[in-house]
Amino acid sequence: MSSPLPVARLGALCLALTGSVSAHAAAPAAGEVVLVAGPAFVQTEAGRTPLARGAALKAGQTLFTGEGGFVHVRMADGGMVAVRPLSEFHIDVFDYQGDVATDRVRYQLREGVARSVTGGVGEVNKDAFRLNTPVAAVGVRGTDFVVATDNARSRVAVNSGAVVVAALGSGCAADAFGACTSGGLLLGAAPSADGRYVEVAVGNPSPRLVQDPATSPDSTAVPHPQEPVASVRAGTSESVNRSKPDTVLELPATPAPAPAPDPAAPSPGQPGVSLPPVQPEIPPVAVTMPTDAYWGRWDAIGKAGNDEVLLASQLRAAGKAAQLANTVYVAGLESRATDLPRTGRADFLAAGGEGMLISPTGNTTLAVGAGTLSVDFNQRSFDTRSSFEGNGATYATSASGVINERGFLHSDPARSDSLVTGAIGKNLDSAVTTVQRTFEDGQLHGVVIWGQR
């Protein structure tokens with residue numbers, strides 16, 4: 001296969017929000033979050049909340065990352081999980097008491113890219129560890145491995161140790177543990193530049209070995225610069241037993257706290273203040289609603305009285321990838337512009353979307369008002385301003401930032417009063433952004449669909 005593996009379907013969005021922990025409410029912690037960067041969330045029985053460093057995770061919970069989002073988790077048995085951008089990772093089973101007869105671990109990578117370094121469970125009893133994707137089962141032989149998946153295919157590469165990869169089916173049940181021996185393919189560690197991985201695709205029950213660095217899991221979603229490095233015993237290709245006290249897992253340092261906002265600084269987005277001179281810049285013409293852009297709310301937020309609002313699970317069922325996400329919304333485009341022009345610009349006007357103000361007194365739905373988005377392909381930069389109306393007030397947002405190598409927009413905190421991420425349609429005539437800003441009376445989360453006149 002010559003094209004890179006698509007990882008945009010976060011499911012619930014990115015991404016199905018079925019991470020209930022009702023059966024595990026009293027269970028001990030399965031792991032601790034040691035790094036969070038960018039948009040990252042956890043789904044529990046209480047709802048979906050942003051992740052923070054130091055958070056304890058339990059079996060039954062689901063991790064979600066948006067564009068630019070990373071989560072590193074140190075598991076209770078000494079293992080490690082690194083979830084990369086646009087991914088959905090479910091801790092299906094985590095029973096660890098240091099008892100080889102009863103310990104069990106099973107993960108589900110439903111979408112995206114993740115790396116797993118097996119801990120005490122996988123080291124002591126390889127038949128007690130399993131990682132499933134929608135199409136494949138991965139069993140280990142004392143292993144540090146990376147998986148990239150969507151609903152159609154999975155790719156598995158090995159950093160150390162070995163894996164057995166098999167297609168899920170009648171001979172390989174998703175609710176089992178350990179490697180599937182029926183039709184499984186063994187892959188040992190290889191130099192990272194080698195680009196070897198095993199691929200399993202829908203409709204093909206036989207895993208195949210591929211050597212293509214351009215489409216390997218690490219190329220699909222590169223690791224965070226602070227992704228921990230697994231130690232390896234001298235003279236062996238096997239991963240270190242993470243349950244032993246002399247094991248070294250190089251964890252990222254605690255990040256410095258973000259500077260507090262200057263209370264004396266002017267804030268054009270305070271409630272009741274209209275959008276500063278953006279309105280005169282917006283021509284009084286109709287804006288065409290793009291047909292390739294879509295958005296919805298996370299299932300935990302629900303429809304909130306608006307039956308026309310789609311849920312993340314409905315988008316996933318329709319095969320629509322959640323490429324962008326914040327606490328309330330998921331959004332995406334049927335086909336993104338990834339091969340951007342080197343020169344020129346594209347200008348957009350707000351065509352639709354929604355906002356929600358979350359406050360201690362309740363949530364208020366807001367309508368998208370005026371807005372402009374200008375993209376400069378020469379400088380790989382963008383500027384945007386938009387307003388949301390409701391609750392007897394106008395909430396203004398503005399941001400400037402860059403376009404990364406994958407075609408996503410990211411705001412620069414030094415030049416923005418809001419957190420904005422976005423993407424541009426393949427034909428450069430549509431775009432979608434998510435926005436977040438804190439006001440005195442609550443926190444605004446929004447999604448804006450952009451079209452042209």
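**Strands, cores and a buried threonine**

Biologist: Which residues of strand 10 (residues 129-132) are buried on one side, and which on the other?

Modeller: A strand is a DSSP run of E of at least two residues, numbered from the N terminus; buried means under 20% relative accessible area (1.4 Å probe, protein chains only). Strand 10 is covered on both faces. The buried residues are Phe129 and Leu131 on one side, and on the other Arg130 and Asn132.

Biologist: What pLDDT do local features need in this model?

Modeller: Residues are numbered from 1 along each chain as its sequence is written, and side-chain values use heavy atoms, with hydrogens and water left out. The model is predicted: totals for chains, interfaces and linings use all residues, side-chain atom pairs count only at pLDDT 80 or more, and local features need a pLDDT of at least 70.

Biologist: Which residue of strand 11 is the bridge partner of Leu131?

Modeller: Two strands pair if DSSP finds at least two bridges between them. Strand 9 and strand 10 are parallel, with four bridges, and Tyr107 has Leu131 as its partner in strand 10. Strand 10 also runs antiparallel to strand 11 (residues 136-140) through two bridges, and three residues separate these two strands in a hairpin. There, the partner of Leu131 is Val138.

Biologist: Which strand gives the largest share of the largest nonpolar core?

Modeller: A nonpolar core is a set of buried Ala, Val, Leu, Ile, Met, Phe, Trp, Tyr and Cys residues joined through side-chain atoms within 4.5 Å. The largest has 38 residues, and Leu63, Phe89, Tyr107 and Phe145 have the most contacts inside it. Its largest share, four residues, comes from strand 9 (residues 104-117).

Biologist: Why does Thr149 count as buried, and which residue's side chain makes a polar contact with the side chain of Thr149?

Modeller: Thr149, in strand 12 (residues 144-149), counts as buried because its relative accessibility is 0%. A polar contact is a pair of N or O atoms within 3.5 Å; within protein, one must be able to donate a hydrogen and the other to accept it, and residues adjacent in sequence count only if both atoms are side-chain atoms. A polar atom of the Thr149 side chain lies 3.2 Å from the backbone oxygen of Arg153. At 2.6 Å, the side-chain partner of Thr149 is Ser154.

Biologist: Which residue of strand 20 stands opposite Trp295?

Modeller: An open sheet of three strands has the order 18-20-19 with antiparallel pairing, and strand 18 (293-297) and strand 19 (324-325) are its edges. Five bridges join strand 18 to strand 20 (residues 329-333). Opposite Trp295 stands Ala331.

Conventions
Buried < 20%, exposed > 50% of the residue type's maximum accessible area, 1.4 Å probe, protein only.
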